[in-house]
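Open the structure in your viewer and set it to a cartoon view. Keep the sequence panel beside it. Each stop below says what to select and what to look for.

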Amino acid sequence: MSERVLPKLARVVICGAGVVGNSIAYHLVKRGWTDLVVLEKGRIGCGATWRSSGLAGQLHPTVNGIIARSSVKLYDSLQREGHDIGWQQCGTLSVARTRKRMVSLQRLAAEARARGVDCTVHQPQSLKELHPFLRTEDLAGGVFVPGDGVVDTEALCQTLAKLAQEGGAQYVEECQVHRVLSHEGTVVGADTELGTINCEYFILAGGMWSRELAQASQPKFSVPIHAAKHSFGVTKPLDDTDRSLPVVWDYDGRVYSRTFGRGFLVGGFEETAKPLFHYDVPDKFEFLRLAPDYPQFKSIYEQFQHRFPDLRHLELAELVTAPETFTPDNHCILGETSEAEFRTGRRLRCSPLLPLQEQQGAVLGERMGFERALFFDTQHESGERQMSASPTYGQPDWLELVHQEYVACRERVGISDMSSFTKFYLESGGLEVVSLLQMLCSNEVDVPVGHIVQTGMQNDRGGYENDCILVRMDANRYFMVSPTAQQTRIAKWVRRHLPRDGSVSLRDVTSLYTVLYVLGPKSRSLLEEVTGREIDLEPFTCQEMDVAYATNVLVLGYNNTLEPGYSLYIPSEYAQHVYGRLKKAGRDYGVLDVGYYALRMLRIEKFVPFWAEELDSSVTPLEANRSARVKLQKEPAFIGQAALQQQAREGLRRQLAFFQLGGEHDCERDPWAWGQEPLFCEGRFVGLTSSGSYAFSLAKNVCQGFVHWFDPGSRQLQLLPPGLISQGRFEVELAGRRFPVEASVVAPKLTVAPMGGVRDRYKPQARTLL
């Protein structure tokens, strides 16, 4: 047991000595960060780690896949170095019951292969060769990853802790952290049962106790996790069990299985989980279990018996039921703040227009818990529209509905509710707010009152911390609009840089305004009819005006689809009234409600990048082809200016490109590029797509993605060869098949109907709006 003496100071404090906390400590020590302390309220590995099923699989997308591949390499090297962590490289076999599931597995396999993972795609008839007990007649196929395996998680946890301590980390067990201490927005230490420890960095890896610790801190911070019951069973022994049999994942059956001793370990995830500890997580839950829940586990075991009929006779020797921690979107929480997707807890944040949109057939999705219409389908019952549209890997069944909305925006007028945008006011008594935004923003923000600036906010490396528009409302007042998922993150980023004298204020007004896009060549005529005035609003300017008797509506000559139109920021108490008047007056203009999917397709065919898909904290404006929005010589310098100047001098190691699938791709029959598909140039892996959709103007599946030039020898990104994107022969791999694509770093030339054009000259008959 580690010494129970708390140091007064450490550079890094890690809260939690489970496998995650110990892994962080181990990797920090390996990188020379030895001034660190790990605090554990119980004993090392006493939480969820010791009762884990020990599966290590690499068939995961993006960040999860990178972590999984690194983990497998680590376990293999530790075992080879003589550390007995129970690592057994038996492989993983993921099987599919449906064609749709098989396409999903093939997509994951394509990315894994491109990143150097050995994996093979199998037809049903060859699966028996990998696992003789497997039922295959109802399967569409499977993917086998021979490098995957299983590990003894308790032994792994202890080994990582031991190696971290040998490298200089200090562990203090039986030391509960009560709260995180901060000063002026910066972490300064932790208050524990043994006293206070000061630190520069605090890493929270406390499992199911993390949320309570976050809420007990001052100020509070968000860790959106919740514990739920989770069970796995261990069968009685089988006489001739082959321990080299692979782990089997049957995602459609929600069940997994691996050998365990002379029997099998069986687990899974029920469709409806049983949440635990709604209000208080037990203070002490060390090396403990819950009472076995056989009724809940019944459906999982039945799926095991279905998939392995020759093992139906095996009885359970043990059922392990314990708390398992989950996030709302089932993604890991990494970084300073948590931006979670709510897949289950729905209708938490709603626009005032949601009931009216549902009457019009809105099929709903969510972003940051905010319900928004994806598209409109008047043929479905209301109850069927409560959840998001079903995911697809090919041509979606909603494409024609979205096409109608797209045509309305291109040829007539469409109305879209964009209320989920993040909105802030920044203001000061003098011009302090201008100085602050000049430092934060890479574009020039000292523009005339009533003008709009598109700008990024960069970090020290030049990456995006925010992609926003700034509306100058007054000499000392700005209105900032940011992506929906940025509400928590950007507030913290800006507050971290506010002057300490309080001269600049930041106010979140997201819920105060309902936002309507009015798009299309007839949008000006519609707005003129509803306002009763001539609209003479230049692009990238704004005016406050009365709209259908609603006062103080902020009208922007800007929208992010690059179509003619306006953005209306309406005080939410007027939202239903204004929406109703626009819909009524718009009948003669062919107005349609428009969902997010149509707006997305309008944007992507113009090569407009998306937040969190193309733009994030690692991507610079130069890499995203947005150098026109950066003032590299601005004085005084903005945050990240030096990094961008250096990149401009040296050249790019990756660049965002636009891809059009060619004639070999059949949009009706073949899979589509939606994002995370491997890209190849002259047969060489050069990156992944980041987003994709259908371009109606081009009648093609199109996608965006970053092209890089990776040197296998140095394992470093090299400068992009001149002319690579414009002259290279590119392919994209879709579910195991490669298709040629046309690559470019400029948007395709598309015609856009002018505001007030020929199709906009019709004036409706005079009538009242009351």
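Select Glu 544 and Leu 554. Leu 554, in strand E27, is the bridge partner of Glu 544. Two strands count as paired if DSSP finds at least two bridges between them. Helices (H or I, at least four residues) and strands (E, at least two) are DSSP runs, numbered from the N terminus. Now add Gln 543, which stands opposite Val 555 in E27.

This model is predicted: local features need pLDDT of at least 70 and side-chain atom pairs count only at pLDDT 80 or more, while totals for chains, interfaces and linings use all residues. Residues are numbered from 1 along each chain as its sequence is written, and side-chain values use heavy atoms, with hydrogens and water left out.

**The hairpin and its sheet**

Extend the selection to residues 550-556, which form strand E27. E26 and E27 pair in the antiparallel sense, over five bridges. Two residues lie between the strands of this hairpin. One stop here is Ala 548, with a positive phi near 50°.

Stay in E27 and pick Asn 552. Its phi is near 60°, a positive value in a residue other than glycine. Is Asn 552 buried or exposed? At 47% relative accessibility, Asn 552 counts as partly exposed. The cut-offs are under 20% relative accessible area for buried, over 50% for exposed, and partly exposed in between (1.4 Å probe, protein chains only).

Next, zoom out to the sheet. It is open, has six strands and runs in the order E26-E27-E28-E25-E19-E29. The pairing is mixed. Which strands are at the edges? They are E26 (542-547) and E29 (592-593), each pairing on one side only.

**Strand E23 and its partners**

Select residues 477-482, strand E23. Five of its six residues are buried, so the strand is largely enclosed by the rest of the structure.

Add strand E20, residues 422-428. E20 and E23 are antiparallel and share six bridges. Look for Phe 424, which stands opposite Met 480 in E23.

Then add strand E22, residues 464-474. Five bridges join E22 to E23, and these strands too run antiparallel. Arg 472 has Tyr 478 in E23 as its bridge partner. The link from E22 to E23 is a hairpin of two residues.

**The nonpolar cores**

Show side chains for Val 402, Val 471, Phe 479, Leu 556 and Tyr 569. In the largest nonpolar core, of 52 residues, these touch the most other members. Helix H14 gives the largest share of this core, seven residues. A nonpolar core is a set of buried Ala, Val, Leu, Ile, Met, Phe, Trp, Tyr and Cys residues joined through side-chain atoms within 4.5 Å. In soluble globular proteins, nonpolar side chains tend to be buried together.

Centre on Val 402. Leaving aside neighbours within four places in sequence, Val 402 is in contact (heavy atoms within 4.5 Å) with Phe 375, Tyr 597, Ala 598, Met 601 and Phe 696.

A second, separate core has 26 residues. Val 413, Leu 516, Leu 537 and Met 545 are among them.

**Loops with unusual backbone**

Go to Gln 218 and Pro 219. A cis peptide bond joins them, with omega about 0°. Pro 219 is in the loop between helix H6 (210-216) and strand E12 (226-235).

Jump to Glu 635 and Pro 636. The peptide bond between them is also cis, with omega near -5°. Pro 636 sits in the loop between helix H14 (596-604) and helix H15 (641-650).

Last in this set is Ala 699. Its phi is positive, about 55°, although it is not a glycine. Find Ala 699 in the loop between strand E32 (684-695) and strand E33 (700-711).

**The whole chain**

Now fit everything in the window. The protein chain has 16 helices and 36 strands. The radius of gyration is 28 Å, close to the 27 Å that the globule rule gives for 770 residues, so the chain is as compact as a globular protein of that length. That radius is taken over C-alpha atoms, and the rule is 2.2 Å times the number of residues to the power 0.38. Of the 770 residues, 55% count as buried.

Finish by colouring the domains, whose bounds come from an automatic or database domain assignment. They are domain 1 (1-54 + 152-223), domain 2 (89-150 + 226-335), domain 3 (422-508), domain 4 (513-586) and domain 5 (652-744). The centres of domain 1 and domain 3, taken over C-alpha atoms, are 35 Å apart.
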